[in-house]
Amino acid sequence: MRPTLHSAYTSCEEFQSSKINEKMTTNEEKVKDLDAGALFVLKSEGSWIHCGYHLTTSIVAPALLSLPFALASLGWVLGLLCLTIGALVTFYSYNLLSLVLEHHAQQGQRHLRFRDMAHHILGPRWARYFVGPIQFAVCYGAVVGCTLLGGQSMKSIYLINHPNGGMKLFEFVMIFGCLMLVLAQVPSFHALRHINLVSLILALGYSACATAGSIHVGNSSDAHKDYSLNGDTASRMFAGFNAMAIIATTYGNGIIPEIQATLAPPVKGKMFKGLLVCYSVVFVTFFSVAISGYWAFGNKAGGTILANFFVDGKALVPKWLLVLSNLFALLQVSAVGVVYLQPTNEVLERKFGDAMSAEFSPRNVIPRLILRSISVALATLLAAMLPFFGDINALIGAFGFIPLDFVLPVVFYNTTFAPSKKSFLFWGNTTIALVFSAVGLIGAVSAVRQIYLDADNYRLFANV
């Protein structure tokens, strides 16, 4: 009896040992298959609700405060039509991109980065010379833009409380850069989930403040309810195309594959739930701010609606509301900036990290700390030097966000699933790609024109 029991016990031990060895081998293979960027920055540990937080932070940003300005260049009918089409098309295209990613994951080829996806579907040259560079330009440009916007929000709060204060814009940009420097050290995209939840709440906060402020002004004698379009025919045309590009860029994301990479497998259906969370917030914030702001200020709506609340040293709304709006925007834009820093972090980690060493080993922590700090310092310096970076970012957005978010998703879907060329799906996707390619080109021309018109006012470290 004993030999039999001993034999069974030995067999059980051997079975467990083989299972442990098999698991260790699988983990070792996983580490070998993933570089340090994918393994440490793009950890696949999140749920669909975390995905919703990341999506919301990447789309619902203070740039939405410029939507009344876009409507002022388009009018009520065309403006609301463009706003609605932008929401529908981006929700559709992001879902298509997610379906393509899910399809490849089911085939055993899960793509964690936009350029990996382009490499597999379109070929290595598209990934290396088109998708990779424009995604990096868009994302790093967004980091610079967020740093500048954060500094401007800090300056606005300062001037509300100290109208004759002597501090310059670049000083506030540098202070905000210090906040970004700390947040940039958060090790992975997934680790931002709690920050991005707070970001979602802050976005609802400043949108509510902007809407309430617009309603307050709209019901006062300070309202400017002239909805006619300014300028001659050529100026109206360029302003209209520029407004379309602003709306398209406001809905822009550019990092859908990287966000989906944070999901724990299996990923099927999770991204769609995350998109529903995101677009619930999009609908509430984008439309409330755009409609109320344009209703209150008409064709005098400024580049950001908060600027309309403070004119010639006079606050048109209670000062506490102005301070609160700018504070919410300041805090939220720091989260947006860190989200768009993730592709840069991933590239740096892949180049200089070691996937075979522990994530928090000195071998990985020291290069991470140094390189991320340099990256943020450079973005802060650019934001301080180029306070007119918004004009440049409009050009980057036209060349970057529109291809990444409107054109490539439908191209990837048609290439991957090959729907019949006689089907509505094929021609619908093709139409989206063609129309938004044209919008991107015209938007780029409008952005170049705006740079030319504003060039005389450009000064390094200008206090604007």
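This report describes the fold, the charged pairs, the cysteines and a few individual residues of a predicted model.

**Overall form**

The secondary structure of the protein consists of 16 helices and 2 strands. Its radius of gyration is 24 Å, close to the 23 Å given by the globule rule for 464 residues, so the protein is as compact as a globular protein of that length. Measured out along its principal axes, the C-alpha trace spans about 100 × 60 × 40 Å. That span is a computed value, not an experimental one, and it is about 100 × 60 × 40 Å for the C-alpha trace.

Buried residues account for 50% of the 464 residues. The accessible surface comes to about 20,900 Å², and carbon and sulfur atoms hold 68% of it. Among contacts between residues at least 6 apart in sequence, 84% join residues at least 24 apart.

**Salt bridges**

Side chains of opposite charge can pair when their charged atoms come close. In this model the count comes to 8 salt bridges. Three of them are listed here, with their N to O distances.

| Acidic residue | Basic residue | Distance, N to O |
|---|---|---|
| Glu346 | Arg115 | 2.8 Å |
| Glu349 | Arg368 | 2.8 Å |
| Glu349 | Arg372 | 3.6 Å |

The side chains of Glu346 and Arg115 meet in a salt bridge at 2.8 Å. Glu346 lies in helix α13 (residues 319-352) and Arg115 in helix α6 (residues 114-121), so this pair ties together parts that are 231 residues apart in sequence. Glu346 has a relative accessibility of 2% and counts as buried. Arg115 is also buried, with a relative accessible area of 16%.

Glu349 pairs with Arg368 at 2.8 Å. This salt bridge links Glu349 in helix α13 with Arg368 in helix α14 (residues 362-385), 19 residues apart. Both Glu349 and Arg368 are buried.

Glu349 also forms a salt bridge with Arg372, at 3.6 Å. Here Glu349 lies in helix α13 and Arg372 in helix α14, so the pair ties together parts that are 23 residues apart in sequence. The relative accessibility of Glu349 is 5%, which counts as buried. For Arg372 the value is 2%, and Arg372 counts as buried.

A network of salt bridges links Asp35, Arg113, Arg115, Asp116, Glu346 and Arg350. Glu346 and Arg115, already described as a pair, belong to this network.

**Cysteines**

A search of the whole structure finds 0 disulfides. Cys139 is in no disulfide, and the nearest cysteine sulfur, that of Cys146, is 11 Å away. A disulfide needs two cysteine sulfur atoms within 2.5 Å. For Cys146 the nearest cysteine sulfur is that of Cys139, and Cys146 is likewise in no disulfide. Cys139 is buried, with a relative accessible area of 1%. Cys146 is buried as well, with a relative accessible area of 8%.

**A buried threonine in helix α5**

Thr90 lies in helix α5 (residues 76-106). Its relative accessible area is 0%, and Thr90 is buried. The side chain of Thr90 makes a polar contact with the side chain of Tyr279, at 2.6 Å. Leaving aside residues up to four places away in sequence, Thr90 touches Tyr251, Tyr279 and Phe406. Tyr279 therefore appears both as a polar partner and among the residues that Thr90 touches, while Thr90 itself is buried.

**Leu39 and Ala264**

Leu39 is found in helix α2 (residues 36-41). With 19% relative accessibility, Leu39 counts as buried, under the 20% limit. Leu39 and Ala264 are 225 residues apart in sequence, and their C-alpha atoms are 13 Å apart in space.

**Two features of the backbone**

The peptide bond from Pro265 to Pro266 is cis, with omega near -5°. Pro266 is placed in the loop between α11 (256-261) and α12 (270-297).

Ala418 has a positive phi of about 45°, although it is not a glycine. Ala418 lies in the loop between α15 (389-417) and α16 (424-454). Its relative accessible area is 55%, and Ala418 is exposed.

Terms used:
Residues numbered from 1 in each chain as written. Predicted model: local features only at pLDDT ≥ 70, side-chain atom pairs only at ≥ 80, totals over all residues. Heavy atoms only, no water. Buried < 20%, exposed > 50% of the residue type's maximum accessible area, 1.4 Å probe, protein only. Salt bridge = Lys/Arg side-chain N within 4 Å of Asp/Glu carboxyl O. Helix = DSSP H or I, 4+ residues; strand = E, 2+ residues; numbered from the N terminus. Rg over C-alpha atoms; globule rule 2.2 N^0.38 Å. Contact = heavy atoms within 4.5 Å. Areas by Shrake-Rupley, 256 points an atom, 1.4 Å probe, with all protein chains shown as cover. Polar contact = N/O pair within 3.5 Å; in protein donor to acceptor, adjacent residues only side chain to side chain.
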